[in-house]
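The following dialogue takes a student through one protein model, step by step. Please keep the sequence and structure in view while reading.

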Amino acid sequence: MELKVCGMREPENIRSLISEVNPDWMGLIFYPKSPRYVPDEQAAELKGQPVKKVGVFVNASEAEILRKVDQFGLSAIQLHGSESPDFVKSLAEKTEAELWKVVSVGTEIDWKSLEGYLPFVSKFLFDTATAAHGGSGKRFDWKVLETYPFDKGFLLSGGLDEESAEEVLALRQQIPQLQGVDLNSKFEDAPGVKNIEKLKNFKSRLTHAGTNN
């Protein structure tokens with residue numbers, strides 16, 4: 001299971017995350033309205049951190065996204081707005097970074113509407129629909145994923161906490177396309193500051209439960 005920790009910003013917290021948790025991905029949020037927003041001034045310090053970085057964008061321009069990819073050394077681009085398949089296609093032609101499309105989930109998912117993204121994205125990410133575009137700490141009903149029709153992998157987000165590890169693994173038994181999880185607000189001491197012990201506990205439970213399945 002891939003582990004992505006999103007909403008990172010503080011250098012000391014990031015160093016602890018990398019050395020003690022060692023996630024597969026670290027998310028940097030470039031949505032100005034987010035309390036976890038990462039400003040340009042931190043680019044030099046964050047670019048060299050030894051972890052794969054995912055930039056989170058909400059309806060940003062193509063030029064802005066590509067600038068951040070270079071500036072922060074991003075390995076993946078997470079599109080959290082209403083970006084169209086044509087926009088994603090154009091972006092895919094201009095960068096080697098992975099493209100992830102977020103699907104904001106309410107009560108149901110229109111699978112047909114996602115087909116246009118399939119040739120261009122590396123994975124989908126399912127998160128709880130909110131006006132703030134994520135980070136709500138709220139969980140959607142995972143039953144809507146039981147009809148997931150694609151071979152492409154996806155990440156699960158939205159309200160995951162320390163108690164979620166076993167449930168996540170149980171869901172993966174039903175839906176093998178579930179590749180990993182995206183952790184954020186339930187593991188914070190403050191916006192942009194993660195509780196390292198909580199993250200270590202979750203990873204341990206995920207690993208331990210997985211070896212017993």
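The questions and answers below concern a predicted model.

Student: In what order do the eight strands close into a barrel?

Tutor: The model contains a barrel closed by eight strands, and their pairing is parallel. From one strand to the next, the twist averages 30 degrees. The order of the strands is S1-S2-S3-S4-S5-S6-S7-S8.

Student: Is strand S3 largely enclosed or largely exposed?

Tutor: Strand S3 covers residues 52-57. A residue counts as buried when its relative accessible area is under 20%. Five of the six residues of S3 are buried, so the rest of the structure leaves this strand largely enclosed.

Student: Which residue of S3 is the bridge partner of tryptophan 25?

Tutor: Strand S2, residues 25-29, runs parallel to S3, and five bridges join the two. Tryptophan 25 has its bridge partner in S3, and that partner is lysine 52.

Student: Which residue in S4 stands opposite glycine 55?

Tutor: S3 is also joined to strand S4, residues 76-79, by four bridges, and these strands run parallel. Opposite glycine 55, in S4, stands isoleucine 77.

Student: Is asparagine 59 buried, partly exposed or exposed?

Tutor: Asparagine 59 is found in the loop between S3 and H3. Its phi is near 55 degrees, a positive value in a residue other than glycine. Partly exposed residues fall between the 20% limit for buried and the 50% limit for exposed. With a relative accessibility of 44%, asparagine 59 therefore counts as partly exposed.

Student: How are H3 and H4 oriented to each other?

Tutor: Two packed helices are described by the angle and the distance between their axes. For H3 (residues 62-72) and H4 (residues 85-92), the axes come within 11 Å and cross at roughly 40 degrees. Angles under 35 degrees count as roughly parallel and those from 65 to 115 as roughly perpendicular. The two helices are therefore oblique to each other.

Student: Which residues in H4 do Glu62, Ile65 and Leu66 meet?

Tutor: The crossing in which H3 passes H4 is right-handed. By class, the contact has four nonpolar, one polar and one charged residues. On the H4 side, Glu62, Ile65 and Leu66 of H3 meet Phe87, Ser90 and Leu91.

Student: At about what angle does helix H5 run to S8?

Tutor: Strands S7 (residues 154-156) and S8 (residues 178-183) run parallel and are joined by three bridges. Phenylalanine 154 stands opposite leucine 178 in S8. Helix H5, residues 165-174, lies across both strands, and the angle to S8 is about 155 degrees.

Definitions and conventions:
Residues are numbered from 1 along each chain as its sequence is written. This is a predicted model: local features need pLDDT of at least 70, side-chain atom pairs count only at pLDDT 80 or more; totals for chains, interfaces and linings use all residues. Side-chain values use heavy atoms; hydrogens and water are left out. Two strands pair if DSSP finds at least two bridges between them. Axes are lines fitted to C-alpha atoms, for helices over the stretch in contact, and angles run from 0 to 180 degrees between N-to-C directions. Contact means heavy atoms within 4.5 Å. Angles under 35 degrees count as roughly parallel, over 145 as roughly antiparallel, 65 to 115 as roughly perpendicular and the rest as oblique. A crossing is left-handed if the near helix is turned anticlockwise from the far one by less than a right angle, and right-handed if clockwise. Ala, Val, Leu, Ile, Met, Phe, Trp, Tyr, Cys and Pro count as nonpolar, Asp, Glu, Lys and Arg as charged, and the others, Gly among them, as polar. Buried means under 20% relative accessible area, exposed over 50%, partly exposed in between (1.4 Å probe, protein chains only).
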